[in-house]
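User: I would like to learn how to read a structure of this kind, one feature at a time. Where should I begin?

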Amino acid sequence: METAVICLETKTILNEIEKLRKEMTQTLIDLIRIPAIGPESDGEGELAKAERLIQICKTIGFDKVQSYDAPDERVPSKKRPNIVAFLNGETDKERLWIVTHMDIVPPGDDSLWTAAKPFNPIVKDGKVYGRGSEDNTQPMVSSIFAMKAFKNLGLKPKRTVALCFVADEESGSIYGIQHLIKQGFFRKDDLVIVPDGGNSDGSFIEIAEKSSIWLKIDTIGKQAHASRPGDGLNAHRVGMEFALAMDKMLHQKYADQDALFDPPVSTFEPTKKERNVDAINIVPGEDTTYLDGRILPHYNMGELLRNVTALASDFEKKTGAKIGIEVVNKNIAPKPTDERAKIVLMLKEAIKKTGGKDVKVGGIGGGTCAAYFRRAGIPAVVWATMDEMAHQPNEYAKIDNMVNDAKVFAYLTGQS
Ligand SMILES: [Zn+2]
């Protein structure tokens, strides 16, 4: 008898979410229109988006909507907002947290945005195009409307649900989830989902991650006129040669494979490049490039850094240039979440019951908020259904994914 009642209730909730499809799409569009770019990329931060989210949650009728601001002198408002919206459940002992991030990466080259302009979203073939659509607004809207369905039906969550909308995820999370974790309101038996990664059919739950490192490589030579290069020292040439040598060394030395991860290897990619001189006829005296590395957790990060600096010293001796290596960001992979942790089992059931799918668990490149929870000893999972359009031009979110993931969140909210 009881199972039948639960099934009926679940059906009602899932139907309710289906009814909210249009409103969800509109909310996704509205949120994309508010860029939230961090100061590292010359943005003004997340305040405008945060204010909108507070308004949305208050209108829905969450029990408490609170902002936990991290001070940051680099943005006009001097603060990086982190919003937590609580919906009280039958118990508060064990809470369900769904953590999404407000900040987005810059749109990049405007001419590559052929489907829509980054902050002027359009709906086409069941997709919403715009910067931040999939990363991370789609799951953010899913989490909000899962709760709205509960409110609409006058139902109470089994356990208190807290939706977190955090700042600064794209640049290290110091002003974001790390700031929130420091407040001390996460508990060891809380259930944490970070829907900031996943695959296109939602059949993958991330429980482990790689270590990650971002390096800034400054090469200092001597500026000169390009017609008389002998008077200077071309930092651009040395910088390129060093970057390639480092790239090769890292790939050769850190070549192990681990099938738990996808991709199963460590990755090292030269990425950002600072502009140097303003004219073609100037030999650059300075060169700055960056590297993004995602490293299998069994490797020692200290040793890796020593290998990079040793190679830099070699180049300094060989060329006469100065090469500075700065660690912009570094994350040592925490212990993976246990495959039998309650949140893993609950999520597996929720995915199965709402969409009929069996899932597999494993590791990805990492670099989500889940790492900070795992480090604090709180089991966290990363899961969402997405086409992995994050950080790409013509980024889109599939409306079906947004709606179906909301059903999974709603199922979890009502789950015993
Ligand atoms: Zn993201």
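**Reading the metal site**

Analyst: Begin with the spacing of the zinc donors along the chain, which is H-x33-D-x60-D. The pair His101 and Asp196 links distant parts of the chain, 95 residues apart: His101 is in strand S5 (residues 91-101), and Asp196 is in the loop between strand S9 (191-194) and strand S10 (204-209). Bear in mind that this is a predicted model.

User: Which atoms coordinate the zinc ion?

Analyst: His101 gives NE2, Asp135 gives an OD atom, and Asp196 appears twice with OD, at 1.9 to 2.7 Å.

User: Why is the arrangement around the zinc ion irregular?

Analyst: Four donors count as tetrahedral if all angles lie between 85 and 135 degrees. Here the four donor atoms subtend angles of 52 to 146 degrees, so the arrangement is irregular.

User: Is His101 buried or exposed?

Analyst: Buried means under 20% relative accessible area. His101 is buried because its relative accessible area is 2%. Asp196, at 14%, is also buried.

User: How do I read a nonpolar core?

Analyst: In soluble globular proteins, nonpolar side chains tend to be buried together. The largest nonpolar core here has 58 residues, and those touching the most other members are Phe62, Ile144, Leu163, Phe165, Ile205 and Leu347. Helix H10 (residues 399-414) supplies the largest share of this core, nine residues.

User: Which residues does Leu347 touch?

Analyst: Leaving out residues up to four places away in sequence, Leu347 touches Ile193, Ile205, Val381, Trp383, Val408 and Leu412. There is also a second, separate core of 25 residues, including Ala208, Met246, Ala312 and Phe315.

User: What should I look for in the backbone?

Analyst: Most residues other than glycine have a negative phi, and most peptide bonds are trans. Look for departures from that. A cis peptide bond joins Asp135 and Asn136, with omega about 20 degrees; Asn136 lies in helix H4 (residues 133-152). Another cis peptide bond joins Asp262 and Pro263, with omega about -5 degrees. Pro263 sits in the loop between helix H6 (235-253) and strand S13 (267-273).

User: Which phi is positive in a residue other than glycine?

Analyst: Asp42 has a phi near 60 degrees. Asp42 is in the loop between helix H2 (21-32) and helix H3 (47-60), and is exposed, with a relative accessible area of 75%. Asn394 also has a positive phi, of about 60 degrees. Asn394 is in the loop between strand S18 (380-382) and strand S19 (396-398), but is buried, at 16% relative accessible area.

Terms used. Residues numbered from 1 in each chain as written. Predicted model: local features only at pLDDT ≥ 70, side-chain atom pairs only at ≥ 80, totals over all residues. Heavy atoms only, no water. Donors = N, O, S within 2.8 Å, 3.2 Å for Na, K, Ca; no water. Tetrahedral: all angles 85-135°; square planar, octahedral: opposite > 155°, others 65-115°. Helix = DSSP H or I, 4+ residues; strand = E, 2+ residues; numbered from the N terminus. Buried < 20%, exposed > 50% of the residue type's maximum accessible area, 1.4 Å probe, protein only. Core = buried A, V, L, I, M, F, W, Y, C linked by side-chain atoms within 4.5 Å. Contact = heavy atoms within 4.5 Å.
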